[in-house]
Amino acid sequence: MYNDYVIADRRIRFVGPQSDLAAAGLRSFAPFAVEYDPEAETAVEIETGPYNGAPNFEELTRFDFGEEETVCRFGRIGNEYVLVIGEERRGRGATFVYDIDERKMKCDIGTRLPYVRFGLWFMANIALAPHLTAAVHASAIVHNGEAVVFLGESGTGKSTHAKLWRENIEGAELLNDDSPFVAVTDGRPVAFGSPWSGKTPRYKNERYPLRAAVRLSQAPHNSIRRLRGARAVGALLPSLPPAFAYDDRLENLMLDTLSAIVNAVPVYHLECRPDAEAARLVHDTIFGI
């Protein structure tokens, strides 16, 4: 069985008995499903179903999985990237193996859905990285047919600021509240909705020109300034998958994407209070009104 999905303008093909992700419980993928086309070019082909392999890989890094006190281990063996979430035995974990030369992945859809959802996000980033495409930890707003992404560490107010736009800027709508994708195609920056949107269920299969990126920090005042060069890159870098920094190839691809974005769109730093004035300040700065 084959099922195709398009994420950030790239076709991802799932193969196997659990290739219908919505039927397997990952309903957020339903808006991204497209008709299967055997002749269409794919960014990656993913074989679904039980995966019992336990590859001996060189561990690059390990990190906590959300709030479940579960550890993720990320590594590489030859031309394959490996992500292991949780325990590898008794079906309580999940393993993802991606062959960077063949552009094929193996994964287990039959395990805990949060593990699968995160693993697909992580490995999709690897598959899309050569296309100047990356997921950013951000909230994305659409206004006047263009997108703005709000970046920041967890708890800095990205979702709050996006909500302030919806409440105070006429016509502003939420595109994604946790992990939109951004890409630069033919020199033009674009923001995409994705099947990953955190606690706010905004799973929109939509694309918009990217107008600007804004990094937030809490402050007792509202002020905004444009960042350039290395400071602009530094504002974006923490919002991309941090584990990629442990592999030279992935780090270089990530920096290529960052450079392309910084050269194509303005990047700002907003010091702000959680109020309507902050939203209007950013709006007027970016859209020149």
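Two strands count as paired here if DSSP finds at least two bridges between them. With that in hand, let's walk through this predicted model, starting at strand β9.

Strand β9 covers residues 104-107, and it has a partner in β4, residues 44-47. Three bridges link β4 and β9, and the two run in the parallel sense. Within β9, Lys-106 has Glu-47 standing opposite. The strand also pairs with β8, residues 93-99, this time antiparallel and over four bridges. Here Tyr-98 is the residue that stands opposite Met-105 of β9. If you follow the chain from β8 into β9, you pass through a hairpin with four residues between the strands. Look out for Arg-103 in this hairpin, as its phi is positive, near 55°.

Now turn to the side chains of β9. In a regular strand, side chains alternate between the two faces of the sheet. Strand β9 shows such an alternation: Met-105 and Cys-107 are buried and point to one face, while Lys-104 and Lys-106 point to the other and are not buried.

From the strands, let's move on to the largest pocket, which holds about 1,300 Å³ of space. Its lining is made up of 38 residues, and those nearest the centre are Gly-66, Phe-118, His-137, Asp-178 and Gly-198. Two elements each give two or more residues to this lining, namely β5 (58-65) and α1 (113-128). Helix α1 gives the most, with five residues. As for the chemistry of the lining, 17 of its residues are nonpolar, 11 are polar and 10 are charged.

Notes: Residues are numbered from 1 along each chain as its sequence is written. This is a predicted model: local features need pLDDT of at least 70, side-chain atom pairs count only at pLDDT 80 or more; totals for chains, interfaces and linings use all residues. Side-chain values use heavy atoms; hydrogens and water are left out. On a 1 Å grid over the protein atoms alone, a cavity is a set of points where a 1.4 Å probe fits but cannot get out, and a pocket is an open set with protein on both sides within 12 Å along at least five of seven lines; lining residues have an atom within 4 Å of a point. Grid points are joined across faces, edges and corners, and a volume is the space filled by probe spheres set on the points. Ala, Val, Leu, Ile, Met, Phe, Trp, Tyr, Cys and Pro count as nonpolar, Asp, Glu, Lys and Arg as charged, and the others, Gly among them, as polar. Buried means under 20% relative accessible area, exposed over 50%, partly exposed in between (1.4 Å probe, protein chains only).
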